[in-house]
Amino acid sequence: IETAANSGILSPDFRRDLGRQRSVARDTVRLLTDPEIRSKFSPHEVDFLQGYNSSVSDIRNEVLDVLDLAQGITVPPKDMRVNVVVVRECGTVQTESGTFAFKLGQRYQAARSHVEHLIVQGYLEVVP
């Protein structure tokens, strides 16, 4: 699998889509585990939902090996723009500010809100 950072999934759109996917995955599990609801599906529909649930689990496991998407941003940003240095290879990342080709050891300036998740995950470090 291509690394998550290189495939551009760190964008705000991905985070929104991830929330939708989590909701669908929860609903799928509920549909499969509730006997009353499950009995209303045909065998083909049950097979589809089980396959979908399995695929989502496989993808989630691959992505979580690379990124901790469950990591929240608990401290709000203090500065609008920050200087950062790349401390862990993360490749090209699409942000609201544009595309950054982050290279290990290089310094960049970006809107803190656009790179906060990379700072929290340890890919970038704020520098003066």
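# A tour from the aromatic rings to the chain end

The structure holds three aromatic pairs. Keep in mind on this tour that the model is predicted.

**Stop 1: the rings**

Select F100 and F102. Together they make a stacked aromatic pair. Their ring centres are 5.2 Å apart, and 5° separates the planes. Now add Y108. The ring centres of F100 and Y108 lie 6.3 Å apart with the planes at 90°, so this pair is edge-to-face. F100, F102 and Y108 belong to one aromatic cluster.

Are F100 and F102 buried or exposed? F100 is buried, because its relative accessible area of 13% falls under the 20% cut-off. F102 is buried too, at 2%.

**Stop 2: the whole chain**

Zoom out and colour by secondary structure. The chain has four helices and five strands. From start to end the pattern reads α-α-α-β-β-β-β-α-β. There are 128 residues, and 32% of them count as buried. Next, think about contacts between residues with a separation of 6 or more. Of these, 61% join residues 24 or more positions apart.

**Stop 3: strands 2 and 3**

Select residues 92–95, which are strand 2. Show the side chains. They alternate along the strand. V93 and T95 point to one face and are buried. T92 and Q94 point to the other face and are not buried. This fits a general rule: in a regular strand, side chains alternate between the two faces of the sheet.

Now add residues 98–101, strand 3. Strand 2 and strand 3 run antiparallel, joined by four bridges. For one such position, pick T95: opposite it in strand 3 stands G98.

**Stop 4: the three-stranded sheet**

Select strand 1 (81–86) and strand 4 (107–111), then strand 5 (124–127). These three strands form an open sheet in the order 4-1-5, with antiparallel pairing. Which strands stand at the edges? Strand 4 and strand 5 do. Each has a single partner strand, so one side of each has no neighbour in the sheet. From one strand to the next, the twist averages 45°.

Look closer at strand 1 and strand 5. Four bridges join this antiparallel pair. Click N83 to see one position: its bridge partner in strand 5 is V127.

**Stop 5: helix 4 on the sheet**

Helix 4 packs on this sheet and touches strand 1, strand 4 and strand 5. Its direction makes about 125° with that of strand 4. Select residues 112–120 to show the helix.

How many of the nine residues of helix 4 are buried? Seven are, so the helix is mostly covered. The buried residues are R112, H114, V115, E116, H117, L118 and I119.

Click R112, which lies in helix 4. R112 is buried, with a relative accessible area of 15%. Then add R81. R112 and R81 are 31 residues apart along the chain, yet their C-alpha atoms are separated by 5.1 Å. Just after helix 4, select G122. G122 takes a positive phi of about 90°.

**Stop 6: the nonpolar core**

Select V84, F102, Y108, V115, L118, I119 and L124. They have the most contacts inside the largest nonpolar core, which has 14 residues. Strand 1, strand 4 and helix 4 each give two or more residues to this core. F102 and Y108 were also in the aromatic cluster at the start of the tour.

**Stop 7: a charge over a ring**

Select R88 and Y123. The charged end of R88 sits over the ring of Y123. The distance to the ring centre is 4.2 Å.

**Stop 8: P128**

Finish at P128, in the segment after strand 5. Is P128 buried or exposed? P128 is exposed, because its relative accessible area of 89% is over the 50% cut-off. Show its contacts. Leaving out residues up to four places away in sequence, P128 touches N83 and R107. N83 is the residue whose bridge partner in strand 5 is V127. Last, add V82. P128 and V82 are 46 residues apart in sequence, and their C-alpha atoms are 8.2 Å apart in space.

Notes:
Residues numbered from 1 in each chain as written. Predicted model: local features only at pLDDT ≥ 70, side-chain atom pairs only at ≥ 80, totals over all residues. Heavy atoms only, no water. Buried < 20%, exposed > 50% of the residue type's maximum accessible area, 1.4 Å probe, protein only. Contact = heavy atoms within 4.5 Å. Core = buried A, V, L, I, M, F, W, Y, C linked by side-chain atoms within 4.5 Å. Pairing = 2+ DSSP bridges. Axes fitted to C-alpha atoms, helices over the stretch in contact; angles between N-to-C directions. Phe/Tyr/Trp six-rings, centres within 6.5 Å; stacked < 30°, edge-to-face > 60°. Lys NZ or Arg CZ within 6 Å of the ring centre and 35° of its normal.
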